[in-house]
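Student: Please take one part of this protein and look at it closely. I would like to follow where that part sits and what surrounds it.

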Amino acid sequence: MPELTEVAARPNLNESLLRDSYAALGRGDMDTIRRIFAPDCVLHIPGNNPLSGEKHGIDEAVGYFGELMTRSEGTFVIDLHQVMTNDDYVVAFHHETGRKGGLVLDNQLSVVSRIQNGRPQEIWVFYFDQPQADAFWA
(Lines give C-alpha, C1' and ligand atoms only; values in the text may rest on other atoms or scores of the structure.)
Protein backbone atom coordinates (compact mmCIF):
# COMPACT_ATOMS: atom_id res chain seq x y z
CA MET A 1 0.00 0.00 0.00
CA PRO A 2 1.41 3.43 -0.92
CA GLU A 3 2.28 5.81 1.86
CA LEU A 4 0.04 8.81 2.37
CA THR A 5 1.73 12.17 2.34
CA GLU A 6 0.56 15.40 3.85
CA VAL A 7 -0.92 17.92 1.44
CA ALA A 8 -1.05 21.57 2.38
CA ALA A 9 -4.52 23.02 1.97
CA ARG A 10 -4.50 26.40 0.35
CA PRO A 11 -7.32 28.52 -0.94
CA ASN A 12 -7.76 28.85 -4.67
CA LEU A 13 -7.74 32.28 -6.31
CA ASN A 14 -11.54 32.60 -6.24
CA GLU A 15 -11.67 31.87 -2.52
CA SER A 16 -8.96 34.46 -1.86
CA LEU A 17 -10.87 36.97 -3.98
CA LEU A 18 -14.03 36.40 -2.00
CA ARG A 19 -12.28 36.56 1.38
CA ASP A 20 -10.61 39.83 0.31
CA SER A 21 -14.05 41.19 -0.67
CA TYR A 22 -15.54 40.33 2.71
CA ALA A 23 -12.58 41.86 4.52
CA ALA A 24 -12.93 45.07 2.49
CA LEU A 25 -16.68 45.22 3.20
CA GLY A 26 -15.99 44.75 6.89
CA ARG A 27 -13.60 47.72 6.83
CA GLY A 28 -15.92 49.83 4.67
CA ASP A 29 -13.13 49.94 2.07
CA MET A 30 -15.07 50.72 -1.10
CA ASP A 31 -11.89 51.51 -3.07
CA THR A 32 -10.85 47.86 -2.71
CA ILE A 33 -14.37 46.72 -3.65
CA ARG A 34 -14.11 48.83 -6.81
CA ARG A 35 -10.82 47.11 -7.67
CA ILE A 36 -12.12 43.60 -6.95
CA PHE A 37 -15.58 43.64 -8.54
CA ALA A 38 -16.10 43.83 -12.32
CA PRO A 39 -17.05 47.37 -13.40
CA ASP A 40 -20.24 46.00 -15.00
CA CYS A 41 -21.13 43.59 -12.18
CA VAL A 42 -24.74 42.75 -11.37
CA LEU A 43 -26.05 42.11 -7.85
CA HIS A 44 -29.39 40.33 -7.41
CA ILE A 45 -30.85 41.35 -4.05
CA PRO A 46 -34.01 39.45 -3.08
CA GLY A 47 -37.03 40.49 -1.11
CA ASN A 48 -39.62 43.19 -0.83
CA ASN A 49 -37.81 46.15 0.70
CA PRO A 50 -36.12 49.34 -0.53
CA LEU A 51 -32.78 47.52 -1.05
CA SER A 52 -34.29 44.70 -3.16
CA GLY A 53 -33.72 44.43 -6.89
CA GLU A 54 -30.83 44.34 -9.31
CA LYS A 55 -27.83 46.61 -8.90
CA HIS A 56 -26.09 47.17 -12.23
CA GLY A 57 -22.48 48.29 -12.27
CA ILE A 58 -19.92 48.99 -9.60
CA ASP A 59 -21.42 52.37 -8.64
CA GLU A 60 -24.79 50.80 -7.80
CA ALA A 61 -23.05 47.92 -5.99
CA VAL A 62 -21.03 50.34 -3.85
CA GLY A 63 -24.17 52.37 -3.22
CA TYR A 64 -25.95 49.22 -2.03
CA PHE A 65 -23.11 48.35 0.36
CA GLY A 66 -23.21 51.89 1.73
CA GLU A 67 -26.97 51.62 2.29
CA LEU A 68 -26.42 48.55 4.46
CA MET A 69 -24.45 50.71 6.88
CA THR A 70 -26.71 53.76 6.60
CA ARG A 71 -29.97 51.84 7.10
CA SER A 72 -28.51 49.90 10.04
CA GLU A 73 -27.35 53.15 11.68
CA GLY A 74 -23.73 52.01 11.36
CA THR A 75 -24.26 48.69 13.16
CA PHE A 76 -24.17 46.31 10.18
CA VAL A 77 -21.70 43.43 10.63
CA ILE A 78 -20.92 40.43 8.39
CA ASP A 79 -19.39 37.28 9.81
CA LEU A 80 -18.14 34.95 7.07
CA HIS A 81 -18.61 31.27 7.97
CA GLN A 82 -17.88 29.07 4.97
CA VAL A 83 -16.58 29.38 1.41
CA MET A 84 -16.89 26.84 -1.40
CA THR A 85 -15.37 27.41 -4.83
CA ASN A 86 -14.65 26.02 -8.24
CA ASP A 87 -13.17 27.67 -11.33
CA ASP A 88 -16.31 29.70 -12.13
CA TYR A 89 -18.29 30.17 -8.91
CA VAL A 90 -17.83 31.01 -5.25
CA VAL A 91 -20.49 30.26 -2.65
CA ALA A 92 -20.25 31.96 0.72
CA PHE A 93 -22.31 31.46 3.85
CA HIS A 94 -22.35 34.34 6.28
CA HIS A 95 -24.22 35.80 9.23
CA GLU A 96 -25.45 39.41 9.22
CA THR A 97 -26.34 41.44 12.27
CA GLY A 98 -27.44 45.01 12.83
CA ARG A 99 -29.72 47.21 14.91
CA LYS A 100 -31.84 50.25 14.19
CA GLY A 101 -34.48 51.72 16.41
CA GLY A 102 -36.15 48.73 18.03
CA LEU A 103 -35.37 46.34 15.15
CA VAL A 104 -32.69 43.67 15.13
CA LEU A 105 -31.14 42.04 12.06
CA ASP A 106 -29.90 38.52 12.80
CA ASN A 107 -29.90 36.44 9.64
CA GLN A 108 -27.95 33.78 7.78
CA LEU A 109 -27.27 34.18 4.07
CA SER A 110 -25.78 32.37 1.15
CA VAL A 111 -24.18 34.39 -1.62
CA VAL A 112 -23.35 32.89 -5.00
CA SER A 113 -20.83 34.77 -7.14
CA ARG A 114 -20.01 34.00 -10.76
CA ILE A 115 -16.39 34.85 -11.43
CA GLN A 116 -15.36 36.06 -14.87
CA ASN A 117 -11.88 37.22 -15.80
CA GLY A 118 -10.82 36.98 -12.16
CA ARG A 119 -13.56 39.28 -10.84
CA PRO A 120 -17.04 38.85 -9.35
CA GLN A 121 -19.32 39.47 -12.34
CA GLU A 122 -22.74 38.40 -11.09
CA ILE A 123 -23.82 37.93 -7.48
CA TRP A 124 -27.01 36.35 -6.10
CA VAL A 125 -27.97 36.88 -2.44
CA PHE A 126 -30.24 34.44 -0.56
CA TYR A 127 -31.49 35.25 2.96
CA PHE A 128 -32.43 32.23 5.07
CA ASP A 129 -35.23 34.33 6.65
CA GLN A 130 -36.35 36.77 3.93
CA PRO A 131 -39.35 38.20 5.88
CA GLN A 132 -37.01 39.13 8.76
CA ALA A 133 -34.63 40.86 6.32
CA ASP A 134 -37.51 42.68 4.61
CA ALA A 135 -38.79 43.95 7.96
CA PHE A 136 -35.35 45.22 8.97
CA TRP A 137 -34.38 46.88 5.65
CA ALA A 138 -37.82 48.54 5.18
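Tutor: Contact here means that heavy atoms lie within 4.5 Å of each other. With that in hand, take Glu 15. The model is a predicted one. Glu 15 is found in helix 1. Leaving aside its neighbours within four places in sequence, Glu 15 is in contact with Val 83 and Thr 85. Is Glu 15 buried or exposed? Buried means under 20% relative accessible area. Glu 15 has a relative accessibility of 16%, so it counts as buried.

Now the helix itself. Helix 1 runs over residues 13-27. Its 15 residues reach 21 Å from the first C-alpha to the last, which is close to the 21 Å expected at 1.5 Å a residue. At its N-terminal end, helix 1 is capped by Asn 12, with a side-chain oxygen 3.0 Å from the backbone nitrogen of Asn 14. Past the other end, Gly 28 comes just after helix 1 and takes a positive phi of about 75 degrees.

Glu 15 is one of the buried residues of helix 1; the others are Asn 14, Leu 17, Leu 18, Ser 21, Tyr 22 and Ala 24. What lies over these buried residues includes helix 2 and strand 3, along with strand 4, strand 5 and strand 6.

Several of those covering elements belong to a sheet, which is worth describing next. The sheet is open and has six strands in the order 2-1-6-5-4-3, with mixed pairing. Strand 2 and strand 3 stand at the edges with a single partner strand each, so one side of each has no neighbour in the sheet. On average, neighbouring strands are turned by 20 degrees against each other, direction ignored. Strand 1 and strand 6 pair in the parallel sense, over three bridges. In strand 6, Glu 122 is the bridge partner of Val 42. Helix 3 packs on the sheet and touches strand 1, strand 2, strand 4 and strand 6. The direction of helix 3 makes about 125 degrees with that of strand 2. Helix 4 also packs on the sheet, where it touches strand 4, strand 5 and strand 6. With strand 5, the direction of helix 4 makes about 110 degrees.

Helix 1 also takes part in the nonpolar interior. The largest nonpolar core has 33 residues, and those with the most contacts inside it are Ile 33, Phe 37, Leu 43, Tyr 64, Phe 65 and Trp 137. Helix 1 is among the elements that each supply at least two residues of this core; they also include helix 2, strand 1 and helix 4. Helix 3 gives the most, with six residues. As for Tyr 64, setting aside its neighbours within four places in sequence, it is in contact with Leu 43, Ile 45, Leu 51, Lys 55 and Tyr 127.

Last, the chain that holds all this. The protein chain has four helices and six strands. From the N terminus on, its elements run α-α-β-β-α-β-β-β-β-α. Its C-alpha trace spans about 65 × 30 × 25 Å along the principal axes. Of its 138 residues, 42% count as buried, and Glu 15 counts as buried too. Of the contacts in the chain with a separation of 6 or more, 48% are between residues 24 or more positions apart.

Notes. Residues numbered from 1 in each chain as written. Predicted model: local features only at pLDDT ≥ 70, side-chain atom pairs only at ≥ 80, totals over all residues. Heavy atoms only, no water. Core = buried A, V, L, I, M, F, W, Y, C linked by side-chain atoms within 4.5 Å. Buried < 20%, exposed > 50% of the residue type's maximum accessible area, 1.4 Å probe, protein only. Expected span 1.5 Å × (residues − 1). Polar contact = N/O pair within 3.5 Å; in protein donor to acceptor, adjacent residues only side chain to side chain. Pairing = 2+ DSSP bridges. Axes fitted to C-alpha atoms, helices over the stretch in contact; angles between N-to-C directions.
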